Amino acid sequence: MHALQLLLVEDDIRLVESYKTVLADYVEERGRQLELHVVNSLDDAKRGLGKWIDAAIVDLNLGSGTSDGGEIIKQLKKYFRVPVAVLTGTPDDAENVPPVVGIFTKGEHRFDEVLDRLWSVHEIGLTKIMGGRGLLEERLNRVFLKNLLPTVDVWIRYAAKDRKRTERALLRYALGHLVADLEGDDTPCYPEEVYLAPPLDDSLETGSLVRCKARQTWHVVMTPACDLVIRKDGDPKTDMVVLAEVVPEVDVFDLLKANNRQKKKLRRNNDASYLHWLPKCHALEGGFVNFRRLDTVAWNELDEKFDRENMRVAPSFIKDMVSRFSTFYARQGQPEIVASNS
């Protein structure tokens with residue numbers, strides 16, 4: 001396992017030497033491998049950004065009255081997928097910087113506290129997956145070499161007719177290979193994986209979650225994806241949006257007088273065909289999508305009556321929900337048949 005490559009942006013030479021001493025003790029005492037790369041100005045940092053780094057500690061004020069540290073963080077966020085911690089004497093200045101994993105104040109927080117925070121983020125595998133040398137990069141390289149380059153002439157012909165459309169298609173094609181690479185993974189999922197929160201865009205999709213302003217109830221958009229595609233006039237194909245209410249777990253269990261065995265079956269979505277379980281996560285209390293509790297709202301009244309909650313059910317989970325929804329309303333049943341006595 002390679003050592004965590006840590007970029008330190010700090011112009012105070014005395015502090016840098018102090019931090020190096022703390023780091024040496026930290027590595028020896030904790031048995032954690034870290035290598036420190038120090039830069040002391042915006043220009044030096046930009047030159048240093050060409051190197052692979054796994055995490056960064058940035059002082060916001062480099063030199064008298066400057067805020068170059070904030071610009072460095074923006075550059076890091078723009079070109080690198082690494083966790084950044086702010087260690088500064090002016091923590092109030094951190095309000096306007098891009099998201100960081102921690103804001104630490106000089107004189108109040110020890111350097112090893114900052115190292116602990118960055119190491120804890122590193123330990124969950126985030127940098128291993130998303131970093132410049134991570135698993136995502138490795139798999140993207142595989143898709144690039146195995147799937148994209150061999151078909152490059154086909155894409156060149158497409159691009160000659162519509163370059164922008166071809167770029168979008170290439171993105172979908174590459175992501176499709178990445179998703180397919182995980183299809184056979186039967187590792188149990190965590191609740192956060194069920195949702196995109198927030199999604200990369202704010203469009204309304206099948207599986208988007210909204211909240212009724214009047215009743216404060218949560219609802220899942222069940223309108224087919226093809227009807228929600230936005231046309232050139234700015235409206236979707238449909239003029240109505242179908243919503244299924246999310247009811248709290250406790251209400252369902254009380255209504256059904258569910259025992260522990262039934263609760264387990266309900267949470268595995270293999271009981272009560274009109275209910276589909278959504279787990280609790282950091283952004284949602286969870287509950288059951290009740291296909292019997294449907295609302296329809298006009299597209300042009302949706303934002304007036306509902307708040308969009310900037311989260312949606314992830315594609316790999318919405319497929320099963322839509323399938324259950326369709327099955328519930330497609331079932332026909334048949335008249336009871338009485339066996340003859342002959």
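This is a dialogue about pockets, helix packing and two backbone features in a predicted model.

Student: How do you know that α9 and α10 are oblique to each other?

Tutor: Start with the angle. The axes of α9 (residues 249–256) and α10 (residues 260–267) cross at roughly 130 degrees. Angles of 65 to 115 degrees count as roughly perpendicular, and those over 145 as roughly antiparallel. The value of roughly 130 degrees fits neither class, so the pair is oblique.

Student: What else describes that crossing of α9 and α10?

Tutor: The crossing is right-handed. The two axes come within 11 Å.

Student: Which residues of α9 and α10 meet?

Tutor: From α9 come E249, F253 and L256. From α10 come Q262, K263, L266 and R267. By class, this contact has three nonpolar, one polar and three charged residues.

Student: Why is α1 called oblique to α4?

Tutor: Helix α1 (residues 13–30) packs on helix α4 (residues 111–123) at about 55 degrees. Roughly parallel needs an angle under 35 degrees, and roughly perpendicular starts at 65. The angle of about 55 degrees meets neither condition, and therefore α1 is oblique to α4.

Student: What is the handedness of the α1 and α4 crossing, and which residues meet?

Tutor: The crossing is right-handed. Y19, V22, L23, Y26 and R30 of α1 meet F111, D112, L115, D116 and W119 of α4. The contact counts seven nonpolar, no polar and three charged residues. The axes of α1 and α4 are 10 Å apart.

Student: How do α7 and α8 pack?

Tutor: Helix α7 (residues 152–161) and α8 pack at about 145 degrees, with axes 6 Å apart. On the α7 side the contact is made by W155, Y158, A159 and K161. On the α8 side it is made by R163, T166, A169, L170 and Y173. Six of the contact residues are nonpolar, one is polar and two are charged.

Student: Where else does α8 appear?

Tutor: In the largest pocket. Helix α8 gives the largest share of its lining, nine residues. Other elements supply at least two residues each, including α5 (126–130), α6 (135–148), β12 (306–313) and α12 (315–330).

Student: What is the volume of the largest pocket, and which residues are closest to its centre?

Tutor: The volume is about 2900 Å³. The lining has 50 residues, and V179, L182, L196, A314 and P315 are the closest to the centre.

Student: How does that lining divide by class?

Tutor: The lining of the largest pocket has 31 nonpolar, five polar and 14 charged residues.

Student: What makes up the second largest pocket?

Tutor: This pocket has a volume of about 240 Å³. Its lining has 15 residues, and those closest to the centre are V194, N269, W277, P279 and F317. Both β10 (275–278) and α12 supply at least two lining residues. The classes are ten nonpolar, two polar and three charged.

Student: What omega value goes with the cis peptide bond of A197 and P198?

Tutor: Omega is about -5 degrees for the bond joining A197 and P198. P198 sits in the loop between β6 and β7 (208–212). Strand β6 (195–196) also supplies at least two residues of the largest pocket's lining.

Student: What makes A272 worth a look?

Tutor: The phi of A272 is positive, about 55 degrees, although the residue is not a glycine.

Student: Where is A272 found?

Tutor: A272 is in the loop between α10 and β10. That puts two familiar elements on either side. Helix α10 is the one that α9 passes in a right-handed crossing, and β10 helps line the second largest pocket.

How values were computed. Residues numbered from 1 in each chain as written. Predicted model: local features only at pLDDT ≥ 70, side-chain atom pairs only at ≥ 80, totals over all residues. Heavy atoms only, no water. 1 Å grid on protein atoms, 1.4 Å probe; cavity = no way out; pocket = protein on both sides within 12 Å on 5 of 7 lines; lining within 4 Å. Points joined across faces, edges and corners; volume = space filled by probe spheres on them. Helix = DSSP H or I, 4+ residues; strand = E, 2+ residues; numbered from the N terminus. Nonpolar A, V, L, I, M, F, W, Y, C, P; charged D, E, K, R; others polar. Axes fitted to C-alpha atoms, helices over the stretch in contact; angles between N-to-C directions. Left-handed = near helix turned anticlockwise from the far one by under 90°. Contact = heavy atoms within 4.5 Å.
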